[in-house]
Amino acid sequence: MSATSAAGHRYDRVAIDAGGTFTDCVMLRGGKLVALKLFSTPQDPGQAVLNGLRALGVTHSVVVRHGTTVGTNAMLERKGARVAFVTTAGFEDTIAIGRQARPRLYDWFQPAPVCLVPGGLRFGVAERTSAEGERLRESSNEELRRLADAVRAAGVEAVAVSLLFSFANPENEQAVAEALKDLALPLSVSHKILPEFREYERAATVVANAYLAPLVGTYLGKLAAAMEGQSRLEVMQSSGGIISARVAAEEPVRTVLSGPAGGVVGAYKLACAAGFERIIGFDMGGTSTDVCLVDASAGGLRVSNESVVSGVPIGVPMLDIHTAGAGGGSLARFDAGGMLRVGPQSAGAMPGPVCFGRGELPTVTDANLILGRLDTESFLAGAVKLDLGRAQHFMQQARGPLGSAEDFAAGILRVIETEMAKAIRVISIERGFDPRDFTLVAFGGGGPVHACALAHALRVPRVLVPALPGALSAVGILLADTMREYSRTVMLPLGTDIERVFAEMESAGQNDFLREGLEGVTQRTCDLRYRGQGYELNVPFGPAMAEEFHRLHERRYGFAKAGRPVEIVNVRLRMIAPAPAFEQMRETAHEGDGSGALLSMRQVYFDGEWVPTRLYDRERLRAGDVFAGPAIVTEYSSATVLPPGDVLRVDELRNLVIEVHA
């Protein structure tokens, strides 16, 4: 797989996904995907990227596609920039007031909405644009000069500008941005980042962008400089597409779910290749679990424009991913009432699980090791030795009122699997989808370990474990298309000619792609709603928009009113430069029972008792092999646990397809 630059040079591609515990590196070599897993370097995330390139033996020019958690962590830990927020005079506090909606209706003690900008850094400017786009009042040069002086005196590191109704007419906002340009600070302007209605969400998104811009811009600049002359840097977006490092530095809010988005893309592409088009993605990493639902018959990858990250509304497109604080490094403890709790706190990369040799607090990984579900010798090809004795010692100390370390470990798994099952219910049952109609695609280092248990709990009939499950986010980043998204609020009756609006966005998109040396194709969609509704649904643009909207509305909300007037709220455009096609190598299937891959027998804890269990080496399994559990299939980046009664088959693409028996 290679890419061609504007100058005609050809580059191989390397994908590197920097997670909280491990950094995954994937490249295509000799027609096969090659993966490498390294410990992350939280103190300097870019160092793990450079370490990965060296470990892969990259000595020539490559395109490095990067999934990063730098922006995510800054939001979670509140370590972003000191931001000035500039808006229409009288509306300075909308960013703090937020919405009246309460996520927990009867919780009297829930905190106020998160605001990234303290009161002293919110500035009003005398101007006004009407909802129809008419400039009712312009700011004078003197008013703009005073504004610039006040922002300069505040000692901020970035500026966010979001004026009332600037999506309808950006001229007043452009004048403010021009007046602030001489401050030489990162400037985030709403009509460029999110030209849509809903003042609070638009302002919150622009503030989040400004909050991240200095940190992410510095990080990407430093990383690109370290690879200068050898590699070109690209970044994964939360929406499932690739953008250049330059765009990511200017609009870092588009990267806050960078790594998880790669996993969704990888899971969907590999599942479709295997013949499964309705999937629930289950990505269990070291610190969290990300779940998603993808239905090819309903448009494929589901994108949301109403995401919330660490309490902050984000209005730019993101893949519809639900995250739970449950990972391999999740810490187990007993609370004051004697209840066993697991997560959301995590051991992370440092100190890590007890069995890694540094931590002293039990984790989910330690519980799996105690119960025989991880192989001490083959984990990461022996690069990391799992210390069973140390894990048993600390688990015994921390078991509380439970009778044994095994009971403690089994309890940890029951708690964490309940949390993960709850997350899957959110994106399936609560949205009108029956999990029994889907295939559970398990990836991440911990996904295949717990997938069958979750499938039993949710009555999912089938589990798919693709190749390189522990590095599938990096695989998705490698296979993703280059993509830019554009949107505009129009508020027009359905049937109005909006071709001119699309043409303007397409022209902007083509110019952006030309600057990157790319050619793209377009996808048009519209957000529709019944007149008077407060929220809308996205459907493909075309003559059948109304019918599609009614059908989708009935599926989502249980009813539709075909005779009610429908209006177009937002128009959306995607510019896509498809990635080079990747055809997985297929093997001819032969009948087999996996005996050629059998490593040993071992005792594994299932349902309260130790059960003799076969241990297989996935690399030695062949297409057509079929066997029943109990079994453990170990590989470089993960392990698949096959409970008693479930049946595993290796397909022609060497995926593990597990039929789950009730």
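## A hairpin and its partner strand

In this predicted model, strands β34 and β35 form a hairpin with 5 residues between them, and within that turn Arg 654 has a positive phi of about 70 degrees. The two strands of the hairpin run antiparallel and are joined by 4 bridges, with β34 covering residues 647-650. Looking across this pairing, one finds Leu 648 standing opposite Ile 658, a residue of β35.

Strand β35, which covers residues 656-659, also pairs with strand β24, made of residues 462-465. Here again the strands run antiparallel, and 4 bridges join them. In this pairing Val 657 of β35 has Leu 464 standing opposite.

## An open parallel sheet

Elsewhere in the chain numbering, 4 strands form an open sheet whose order is β7-β6-β10-β11, and the pairing in this sheet is parallel. Its edge strands are β7, at residues 122-125, and β11, at residues 187-189, each of which pairs on one side only. From one strand to the next, the twist averages 20 degrees.

The pairing at the β11 edge can be followed residue by residue: strand β10, covering residues 158-161, runs parallel to β11 and is joined to it by 3 bridges. Val 161 stands opposite Val 189, which belongs to β11.

## A helix across the sheet

Which strands does helix α4 lie across? This helix, formed by residues 141-153, lies across β6 (residues 83-88), β7 and β10, and its direction is at about 175 degrees to that of β7.

How values were computed. Residues numbered from 1 in each chain as written. Predicted model: local features only at pLDDT ≥ 70, side-chain atom pairs only at ≥ 80, totals over all residues. Heavy atoms only, no water. Pairing = 2+ DSSP bridges. Axes fitted to C-alpha atoms, helices over the stretch in contact; angles between N-to-C directions. Contact = heavy atoms within 4.5 Å.
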